[in-house]
Amino acid sequence: MTQPKHTITLIPGDGIGPEVTHATCSIIEAAGAHIAWEVCEAGAEVFKKGLSSGVPIETINSIVRNRVALKGPLETPIGFGEKSANVTLRKLFETYGNIRPIRQFSGVTTPYQDRKIDLVIVRENVEDLYAGIEYMQSPGVAQGLKIITRKGCEKIVRLAFEFARSEGRKRVTCATKANIMKLTEGLLKRTFEEIAPEYSDLEAEHVIIDNCAHQLVRRPEQFDVIVTTNMNGDIISDLGSALIGGLGFAPGANIGNEAAIFEAVHGSAPKYAGKNIINPTAVLMSGVMMLRHIGEFAVADKIEHAVCITFEEGKHPLRDMVGNAGSITTSAFTDAVIANLGKTSQTWTPKPFKPIQLPQISTRPDFVHAQESKLMGIDLFVESPLGPKELGDSLSALAQGSPLHLKLISNRGVMVYPSVGILPDTIDVSRCRFILNQESTSLNDGQIFDIIKAVATKHRWMHIEKLYAFDGKLGYTKAQGED
Ligand code: NAP
């Protein structure tokens, strides 16, 4: 008997998960991959047992040992602790890159048929608004922090270029909203532009994310690899899956340096669970990505050919997301793919696949150093029902004798004090910017505490941001209207 070459953690998942992972494992085994599956639990059943992370230690240990997992979708039940087991896994294993191929199968009828869509979205997977740091500033004002780091940008940008090389692709497009969010989204753009020259064999370009969405609908075939932030990537990858037939066709890989977890983009679709009608292609193609990740290139190509031929033969699962056009069950589709193993599709040519060289960058928390950090002032967020003029005059008076003066007040990002003539619709949380007086050369924490204490005698302050210049560059944005 042939010994398994690879041991892989298998999480069947919830809802339709067991059906799609069973189909995938059957096809992978029939194609001749030597794999021992270590079946592990996560998701709904685990929540029901009272474990609020949704992921038992046995499952974590299995992934730590094997470093590769194939995972069915996991439900996020409401009322059992409300943590997402998916997010737990993503964060535990720091799978910072989410690779989502959007590729069209010949034989799958869509409005974009015959457009040869074959692009890959490389989505940052752990930072951005998904850090989930949110606050109610006042009863009517919510705030969420968008965290983007140079380290995170460098990892995802290098992963995108390395991924492009691993598939012999030609171009990497960085999609951001850097025109508006200059420091956060801008950090990804700047990092991309700095690193791109190291990959001179690949074309590199930047596109604004909204135009990217427009272009994806208009002319998706122009894209090759798109690298983007977490939120942007979430949205455009679902858009992308709709171009090729829907979520039933959209595979994915969560890549980190310690582990890689392969899973479809779709969820557990509970209403179809156990009905033997859904499309297993998304998880199957995630399995194909997994095979390439572990170096089983020939088996991966064999399966991809067989999937292509099955669709070319007009065989679709009953709910394949393309206008409900399918005619066979999930298990009959699985059998059809197995029957086609070993045949060569005329509509698909394998790429020159090779292993991804995962970027190895420093894990130091202080990833970036500045030669000079200069404290320029503070933004003090104040909750007040007063109008800008009244509040501004009061704060200016309270700052008398301090090395700081009130430079401006902005409300929802727009300068409202000193007045520029037009008053926008204001809310009860204001950003009050205190900047060093011309004659003052430095600012210390004691002086900051003093001004906060002075403000607190008359107003309710909410929180403070220190305003730094790093190596002469402002580390904060200006308010709309500020000079
Ligand atoms: P969903 O499970 O992806 O299902 C949404 C719809 O997509 C389904 O109703 C069905 O559309 C279609 N669909 C999804 N997978 C399909 C497949 N393989 N074949 C054919 N059609 C498919 O999204 P949801 O209903 O929002 O979420 C359900 C649960 O899954 C939630 O608990 C959510 O938290 C979880 N979830 C998990 C993951 C993950 O594990 N990575 C990802 C997303 C969501 P029609 O109704 O039009 O037929």
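Let's start with the largest nonpolar core, which has 78 residues. Keep in mind as we go that this is a predicted model. If you want landmarks inside the core, pick Met290, Leu291 and Ile303, since these three touch the most other members. By element, helix α5, residues 150-166, supplies the largest share, with 8 residues. And where does this core lie with respect to domain 1 and domain 2? Domain 1 covers 1-95 + 246-344 and domain 2 covers 118-243, and both give residues to the core, so it lies between them.

Next, a single residue to look at: threonine 173, in strand β8, which runs over residues 171-176. Buried or exposed? Its relative accessibility is 0%, and because the cut-off for buried is under 20%, threonine 173 counts as buried. Its side chain has a partner, too: a polar contact of 2.6 Å links it to the side chain of glutamate 205.

Now, on to the ligand. There are 22 residues around it, and the closest are Gly267, Ala269, Lys271, Tyr272 and Arg319. In character, that shell splits into 10 nonpolar, 7 polar and 5 charged residues.

Let me walk you through some of the polar pairs with ligand oxygen atoms. Alanine 269 uses its backbone, with an N or O atom 2.7 Å from a ligand oxygen. Lysine 271 brings a polar side-chain atom to 2.8 Å from an oxygen of the ligand. For tyrosine 272, a side-chain N or O atom sits 2.5 Å from a ligand oxygen. As for coverage, the ligand on its own has 890 Å² of accessible area, and the protein covers 71% of that.

Key
Residues are numbered from 1 along each chain as its sequence is written. This is a predicted model: local features need pLDDT of at least 70, side-chain atom pairs count only at pLDDT 80 or more; totals for chains, interfaces and linings use all residues. Side-chain values use heavy atoms; hydrogens and water are left out. A residue is near a molecule or strand if one of its heavy atoms lies within 4 Å of it. A polar contact is a pair of N or O atoms within 3.5 Å; within protein, one must be able to donate a hydrogen and the other to accept it, and residues adjacent in sequence count only if both atoms are side-chain atoms. Accessible areas come from the Shrake-Rupley method with a 1.4 Å probe; for residues, only the protein chains shown count as cover. Ala, Val, Leu, Ile, Met, Phe, Trp, Tyr, Cys and Pro count as nonpolar, Asp, Glu, Lys and Arg as charged, and the others, Gly among them, as polar. A nonpolar core is a set of buried Ala, Val, Leu, Ile, Met, Phe, Trp, Tyr and Cys residues joined through side-chain atoms within 4.5 Å. Buried means under 20% relative accessible area, exposed over 50%, partly exposed in between (1.4 Å probe, protein chains only). Helices (H or I, at least four residues) and strands (E, at least two) are DSSP runs, numbered from the N terminus. Domain bounds come from an automatic or database domain assignment.
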